[in-house]
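Here is a short set of exercises to work through with the model open beside you. Try each task before you read its solution.

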Amino acid sequence: MKKIMTTLLGALCLLFVSAPAVFADEAAHEAVSEALPVWSIIPFVGMLLSIAIFPLVKPEWWEKNMLWVALAWSAIFVIPFAVAYGPGEALFRVLESVLLDYIPFIVLLLGLFVVAGGIALKGTLVGTTKVNAILLLIGTVLASWIGTTGAAMLMIRPLIRANAWREKKVHIIVFFIFLVANMGGCLTPLGDPPLFMGFQRGVPFTWTFHLLPILLFNMVILFIVFILIDRHFYKKEVAAGRSPQDMTDNKAKEPIRIEGAHNIIFIGLIILGVIASGVLPNMFDFFADGAGIHIYDDVVFSYAVLVEIVIILIACFLSLKTTKKSTRQLNEFTYGPIAEVAKLFIGIFITMIPALMYLRTHGGELGLDQPWQLFWCTGALSSFLDNTPTYLVFLQTAGALGQAGIETSVGSVSQLMLEAISAGAVFMGANTYIGNAPNFMVKSIAEENKIKMPSFFGYMGWSVCILIPVFIIDTFVFFL
């Protein structure tokens with residue numbers, strides 16, 4: 001594998017070295033997008049199948065080589081693309097995806113992962129159905145205010161510790177991904193990146209509160225289902241001779257308290273950085289009109305995003321320097337989960353370039369003019385593509401319809417259309433492990449704690465059986 005990758009990367013370097021220095025031509029880029037064939041998404045499909053199959057058939061090999069697999073699929077896309085459309089165009093597309101999308105994405109995840117990993121909920125928590133439901137509820141509420149990643153990283157370890165006495169606990173982690181890592185982030189632009197992109201394009205900050213009825217409706221259904229499933233497994237645990245008291249026997253009951261609470265300040269600092277990247281261009285001319293560092297062609301790394309990254313990294317540094325090692329040890333904190341996300345998503349971001357190019361060019365030809373259509377199309381693609389660019393594609397599609405409603409930079413969008421796009425992007429990210437980055441991080445942390453999580457398709461079995469019926473009900477109640 002490494003020899004193959006060395007050859008592929010060498011070929012890429014030769015292609016990129018031969019690229020012209022600058023040829024900023026928007027019409028040329030659009031022509032490439034229009035000419036791109038559908039089968040160019042094959043490397044992206046291969047990347048997804050690798051994530052689904054290799055952990056099942058060769059888990060140890062996959063653990064060691066997932067980065068090489070991601071780079072191999074990336075090269076399989078980039079090299080033919082460079083041959084067909086020129087190395088300059090290929091370099092432009094890769095830099096655009098990696099510098100403008102992947103780096104801000106992974107830095108934000110890193111910041112929330114490190115800072116939330118410095119907050120530990122200490123004390124005796126016993127994983128009964130009531131306690132589990134309360135922890136899920138707290139995480140779901142927090143997700144809109146500290147982001148789905150921040151809430152997931154804050155709450156997953158206490159939930160795992162509370163259920164250490166149980167043998168059957170996969171369902172708890174699955175519902176955690178459904179609620180905390182996805183749906184809970186729908187109420188503010190801070191909760192999930194697609195909503196923040198909407199905020200940057202003129203959607204009012206508090207508009208997302210319109211999604212509250214849909215969130216509450218889904219929470220009622222999912223919490224009822226969770227309680228029924230959890231009670232079933234709880235009774236089976238007790239019948240098998242295991243008991244919550246196994247956690248507390250011969251141990252003094254500790255009161256619940258928070259260690260490393262000062263990290264909440266650093267979470268606030270990260271949130272400030274995210275907000276700053278959106279508001280600085282409107283406040284100061286220095287940041288306006290996409291001002292930034294010119295990298296190559298039309299790729300400009302904006303000063304506003306640079307400020308966001310610097311603030312997040314400062315928050316990371318301060319968290320690491322001011323948090324006691326014992327607090328992170330209590331959380332069993334390692335960099336494994338974020339490293340796994342970083343390795344896999346570099347391949348996902350590069351190989352999904354042609355899929356997003358095709359959507360941007362042909363999205364308006366899909367004939368989507370009903371809220372339920374946008375709900376399902378946005379959601380289905382957000383399950384497998386990054387939900388932020390998917391949201392933006394369909395926001396543009398809705399804006400082109402010219403319906404009266406919310407005024408955005410891409411046109412006027414009716415409130416119901418915007419609700420459908422927003423709910424689809426945020427809610428249906430829960431359909432697969434790759435639908436939202438926290439999903440993979442939660443899976444990785446659970447597996448570090450010896451919880452055997454479902455495979456890629458196994459997890460989809462849970463989402464198809466539980467989430468898809470909920471989304472069908474949503475369609476009839478809210479979008480028809």
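Buried means under 20% relative accessible area, exposed means over 50%, and partly exposed lies in between, with a 1.4 Å probe and protein chains only. The model is a predicted one, in which local features need pLDDT of at least 70 and side-chain atom pairs count only at pLDDT 80 or more, while totals for chains, interfaces and linings use all residues. Residues are numbered from 1 along each chain as its sequence is written, and side-chain values use heavy atoms, with hydrogens and water left out.

**Exercise 1. Two positive phi values**

Task: find where D297 and K450 lie, and decide whether each is buried or exposed.

Solution. Start with D297, a residue other than glycine whose phi is positive, near 55 degrees. D297 sits in the loop between β3 (292–296) and β4 (299–302); strands (E, at least two residues) and helices (H or I, at least four) are DSSP runs numbered from the N terminus. Its relative accessible area is 2%, so D297 is buried.

Now take K450, where phi is also positive, near 65 degrees. K450 belongs to the loop between α18 and α19. With 76% relative accessibility, K450 counts as exposed.

**Exercise 2. The salt bridges**

Task: list the salt bridges, and say where the partners of each lie.

Solution. The search criterion is a side-chain nitrogen of Lys or Arg within 4 Å of a carboxyl oxygen of Asp or Glu. It gives three salt bridges in the structure.

- Step one: R93 and E89 pair at 2.8 Å, N to O. Both are in helix α5 (residues 87–116), four residues apart, or about one turn of the helix. R93 is buried at 7% relative accessibility, and E89 is buried at 3%.
- Step two: R166 and D230 pair at 2.7 Å, N to O. This pair links distant parts of the chain, 64 residues apart: R166 is in the loop between α6 (129–162) and α7 (170–179), and D230 is in helix α9 (residues 212–239). Both R166 and D230 are buried.
- Step three: K443 pairs with E447, with 3.1 Å between the closest N and O atoms. Both lie in helix α18 (residues 437–448), four residues apart, about one turn of the helix. K443 counts as buried at 10% relative accessibility, whereas E447 is partly exposed at 33%.

**Exercise 3. Helix α18 and its surroundings**

Task: check the span of α18, then work out why α18 is described as largely enclosed.

Solution. The expected span of a helix is 1.5 Å times one less than its number of residues. For the twelve residues of α18 that gives 16 Å, and the end C-alpha atoms are 17 Å apart, which agrees.

Next, consider burial. Ten of the twelve residues of α18 are buried, so the rest of the structure largely encloses this helix. Among them are F440, M441, V442 and I445. The buried residues of α18 pack against α3 (42–57), α5, α6, α7 and α13 (336–351).

**Exercise 4. A kinked helix and one of its residues**

Task: locate the kink in α19, and list what F456 touches.

Solution. The bend at a residue is the angle between axes fitted to the seven residues ending there and the seven starting there. Helix α19 (residues 456–478) has a kink of about 40 degrees, centred on V464. Its buried residues include Y459, I466, L467 and F471.

F456 also lies in α19 and is buried, with a relative accessible area of 6%. Count contacts as heavy atoms within 4.5 Å. Leaving out residues up to four places away in sequence, F456 touches I51, A52, F384, T432, Y433 and I434.

**Exercise 5. An enclosed space**

Task: give the volume of the largest cavity and name its lining.

Solution. On a 1 Å grid over the protein atoms alone, a cavity is a set of points where a 1.4 Å probe fits but cannot get out, and lining residues have an atom within 4 Å of a point. Points are joined across faces, edges and corners, and the volume is the space filled by probe spheres set on them.

There is one cavity of 30 Å³ or more. The largest cavity has a volume of about 50 Å³. R157, I160, R161, L330, N331, E332 and N449 line it, and α6 gives the most to this lining, with three residues.

Note on methods: 1 Å grid on protein atoms, 1.4 Å probe; cavity = no way out; pocket = protein on both sides within 12 Å on 5 of 7 lines; lining within 4 Å.
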